[in-house]
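Reader: I'm new to this. Could you walk me through how the ligand sits here?

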Amino acid sequence: MESYRHKGLRKALVKILKEKGIKNKKVLDAINTVPRHLFLDKAFEEWAYKDQAFPIRANQTISQPYTVAFQTELIDPQPEDKILEIGTGSGYQACVLSLLCKKIYSIERQIELFKQTNERLKKIGFGKIRTLHGDGYKGAPRFAPFDKILVTAGATDIPETLVEQLKIGGFLVIPVGKGDDKKMLKITRIDEDTIKKESFGIFRFVPFKKGIVK
Ligand code: SAH
């Protein structure tokens, strides 16, 4: 399942990410550890270590490694953090985060992806990830509050419900915009009713959609 070749390809990917400006050593180490080739169908393994997004089931994509690294760097995971990810997709981003925090919850709206990814995570053995099938717009109130929330699909607005599920001092990383180009926003919950908004460049994502697909 894992060969020297995969290890070599992963090292080369990490080098590219460094050149593109990713600095956090913990993030780079996590990317150097997670076997991304196990998150694509066998026929596409060759593509796993290119810095490109790639189609997965249900018309969705596994995010580009640079985007995963960038979002993980912004989330700045700490060993005691409880983090919610929205948009499980292939499960790759959740695995990267799981190496760097205490507990991770991840929600997917498409049942087909939810099932496939659950199986995959069981096989690979990433135990810290609790996957949920549901509408990420509603967050995961049963498990709130979270230190941090990461949205890996492109939104048109900042969902109030998600801000409310953050601890005070916690933050949300979410790509937001009206068109295809989304601004990477970091929304910090300063107190009960004040937020701070910071912007970190433009990215493209598959859309953050309301409701679930059974
Ligand atoms: N983090 C993923 C990226 C997947 S792409 C990875 O590492 O592979 C974004 C995912 O968000 C898609 O699988 C899409 O189905 C999901 N998604 C979109 N809107 C959602 C919502 N409201 N709730 C939960 N998941 C959602």
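Author: Sure! A residue counts as near a molecule if one of its heavy atoms lies within 4 Å of it. This is a predicted model, where local features need pLDDT of at least 70, side-chain atom pairs need pLDDT 80 or more, and totals for chains, interfaces and linings use all residues. Residues are numbered from 1 along each chain as its sequence is written, and side-chain values use heavy atoms, leaving out hydrogens and water.

Reader: Which residues come nearest to the ligand?

Author: There are 26 residues around the ligand. The ones that come nearest are Glu 85, Ser 90, Glu 108, Gly 136 and Lys 209.

Reader: How far is the side chain of Glu 108 from an oxygen atom of the ligand?

Author: Think of polar contacts here, meaning pairs of N or O atoms within 3.5 Å. For Glu 108, a side-chain N or O atom pairs with a ligand oxygen, and the distance is 2.6 Å.

Reader: And how much of the ligand does the protein bury?

Author: Areas come from the Shrake-Rupley method with a 1.4 Å probe. Taken alone, the ligand exposes 580 Å², and the share buried by the protein is 99%.

Reader: Which backbone lies 2.9 Å from a nitrogen atom of the ligand?

Author: Backbone N or O atoms take part too. That of Gln 93 lies 3.1 Å from a ligand oxygen. The one at 2.9 Å from a ligand nitrogen belongs to Gly 87.

Reader: How many residues of the shell are charged?

Author: Asp, Glu, Lys and Arg count as charged. The shell also has nine nonpolar and twelve polar residues, and its charged ones number five.

Terms used:
A polar contact is a pair of N or O atoms within 3.5 Å; within protein, one must be able to donate a hydrogen and the other to accept it, and residues adjacent in sequence count only if both atoms are side-chain atoms.
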